[in-house]
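Reader: I'm new to this, and I'd like to see how the words people use for structures are justified. Could you take me through it step by step?

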Amino acid sequence: MLTEKIESEKESELIKLSEALQGACRKKLGRSLAIREVDAGSCNGCELEIHALNNPFYDIERFGIRFVASPRHADLLLVTGPVTKNMSEALKRTYDCTPIPKWVVAVGDCAAGCGVFKQSYAVMSGGVSDIVPVDLWIYGCPPSPIDLLRGLILLLER
Amino acid sequence: MKKLELSPHSTEEAVEIEAGKRKKCWSLEKVSKERWIELSKEVASGKWTLFGLWGSPRKVNMVLLDESQSKLQVIELETPLGKFPSVAIEVPSAARLERTIYDLFGLIPEGSFDNRPWLDHGKWQLRFPLGNILPPEEQKPYPFFLSEGENLHQIPVGPVHAGIIEPGHFRFTMGGEIVVRMEERLGYTHKGIEKLFFEASIEGGAEIAARISGDATVAYSYAYALAVEEAIGITPPPRAVWLRALMAEMERMANHFGDIGAICNDAAFPRILSRCAVLREKILRFSKDFFGHRLMMGRIVPGGLTVDLSKEGKEKLYLLLKEIREELCSIKYFYDSKNSLQDRTVGTGILNARSAKLFGAGGFIGRASGRNFDARKCFAYPPYDKLSFESPLLEAGDVNARVWIRILEIEQSSFLIEQILNNLPFGNTLSVMKEPKVSGQGLAVVESFRGDILLWIEIEKGKIIRCHPRDPSWFQWPLLEKVIVGAIVADFPLCNKSFNCSYSGHDL
């Protein structure tokens, strides 16, 4: 069903990205990177695109990257949303539960502190970095799966 | 199983069909306190369905639906003393809405049985952000309902959940393996959206509306556009009217595929998840290629659309529809023929018809429990008044019925898109707003994939002074608490996914 000819530029970019990601991942971590996704009050647009990383097109698990259920199993926190004040404590606690060494990637414009909710009384004005230290920002509203892959490679190659 | 065939479409250019103007479906009534109480009693007796309830600094509004007449009654009550008679005493679905009105505006629902905060978790550094702002009070622990009995224990879940989903808290009280009570605590994604609207321009409001709930971004932009257009008296070009519905149906299909896959995956059947995920991705890629955004965010604006569908896009969409229908046949076959899957979904999480009606449960949740309501049919906003489709209805009310409604809705959406493609009018897709400084009120109801979205807007001299979007989830979340009672915890993911209520759309 998915054995399809690579025609568009987008597809060839996906292949290039996949190869780079695989190389970087292997070199740095052997075969695994465990991600805990934390929604800190997003509109759920970013979640939809993070979900797409698991679909048979992107299939991020083939590189040894997987989403885990607990921060205690995670190497990386993938945080979305502007960080609502109601979620700030939960985000901080999740960070504290994640073993060191750990990374934080802020996903989407909101998480970077420049989304449409920025001015609100109910959100942190600077996004995720107001609560926990951020290693990488992936911009977009929401960022596409390709953007997310590109971001993860950047982090791993650093 | 009968294979669905795509009817042959004409290769010639489409015939032009004039899009009808949207009929005003509501009327406003300013009432006294006594009439307000009388009306809440009428809702309790079943004459009306509670469709919305919101506050403003000096008044409260309630929207009542008369399904048989396709009419909405907007009720307005002045609150000079900062109080209004509680509707929740008579109508339980009003309870959370009233708690929200208090949290945001400080208006007190007199006589209410539940005075606990709802969206305000004591973290905003202020109280009543949209009313008379007061300094915060000392933070108290949230009082969950007490369940007492021998050997009962509690399981707290969230707000950070185990999957890639939105945050919320569920408190399970268990008697051995059986759920005795489940109580939700939401509000974690509260972003202060209603206040942001208050300070926004019409264009700025469209950006916020598109981000109320990311999975229903088309439906929210659609509702916002219709409400603004009604308030300031503009009509979008016919081509835009038709393409809006096309986008809404594509969004419906994409989300239903996502959810059907996720439900089956939670029942340990990932094969259907993979197939559904592929189709969902293909729809998103099409949207990116021809509408410029994978979720079609911000494409529908007051006055029309910011994009147009090219001829190439049209041809590609016919092909995509064909593929979707063929694949759907095999998904149906798989879903229906696997005992291990049916074991988990049939008879699980039953929502009875009475509760669905009482709460006015919208979308596939209501329609899987015998509530025959679909905003596209009831209000027949253009172009749905010119399109023929069915709104599937089942009685069983279990997870299986909700899955089936979604499968049938995908089929109907594919027929709708085909009709739209066959009859798409020509012309441009965006009208210019002639008089941007006008004032008025507008109300729109749009059927999102999840159910009916209500959006109320008041505009004064081109500026938004009040905008209240009401997500279908408001009336669906409380029912999830109900269906899980008596089940085992392992059934909760299935119930939750089959409901798939919005956190962001609810918390605002």
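**Salt bridges, contacts and buried area**

Author: Gladly! In this predicted model, B:Glu481 and B:Arg96 form a salt bridge, with the closest N and O atoms 2.8 Å apart.

Reader: Why is the pair B:Glu481 and B:Arg96 called a salt bridge?

Author: The rule asks for a side-chain nitrogen of Lys or Arg within 4 Å of a carboxyl oxygen of Asp or Glu. B:Arg96 and B:Glu481 have their closest N and O atoms 2.8 Å apart, so the pair meets the rule. Between domain 1 and domain 2 of chain B, the count is 3 salt bridges.

Reader: Where are those two domains of chain B?

Author: Domain 1 covers 23–132 and domain 2 covers 193–499. Their centres, taken over C-alpha atoms, are separated by 26 Å.

Reader: With 26 Å between the centres, how do you know that the domains are in contact?

Author: Contact is judged by heavy atoms within 4.5 Å, so the distance between centres is not what decides it. By that rule, 31 residues of domain 1 of chain B are in contact with 28 residues of domain 2 of chain B. About 2500 Å² is buried between these domains, with carbon and sulfur atoms giving 66% of it. B:Phe51, B:Trp54 and B:Arg96 supply 26% of the area that domain 1 buries against domain 2, more than any other three residues.

Reader: What about the two chains: which residues form a salt bridge there?

Author: A:Glu89 forms one with B:Lys123, and the closest N and O atoms are 2.7 Å apart. That is within 4 Å, and the pair joins a Lys to a Glu, so the name fits again. The count between chain A and chain B is 2 salt bridges.

Reader: How many residue pairs are in polar contact across the interface of chain A and chain B?

Author: There are 23 such pairs, counting those with both residues at pLDDT 80 or more. On the chain A side, H2(A) gives the largest share of the residues that touch chain B, 7 residues.

Reader: What makes up the side of chain A that touches chain B: how many nonpolar, polar and charged residues?

Author: That side divides into 25 nonpolar, 13 polar and 9 charged residues. The whole contact takes 47 residues from chain A and 50 residues from chain B. The area buried between the chains is about 3800 Å², of which carbon and sulfur atoms give 62%.

Terms used: Residues are numbered from 1 along each chain as its sequence is written. Chains are lettered from A and ligands numbered from 1 in the order in which they are written. This is a predicted model: local features need pLDDT of at least 70, side-chain atom pairs count only at pLDDT 80 or more; totals for chains, interfaces and linings use all residues. Side-chain values use heavy atoms; hydrogens and water are left out. Domain bounds come from an automatic or database domain assignment. Buried area is the accessible area (1.4 Å probe) that two parts lose on being put together, summed over both. A polar contact is a pair of N or O atoms within 3.5 Å; within protein, one must be able to donate a hydrogen and the other to accept it, and residues adjacent in sequence count only if both atoms are side-chain atoms. Helices (H or I, at least four residues) and strands (E, at least two) are DSSP runs, numbered from the N terminus. Ala, Val, Leu, Ile, Met, Phe, Trp, Tyr, Cys and Pro count as nonpolar, Asp, Glu, Lys and Arg as charged, and the others, Gly among them, as polar.
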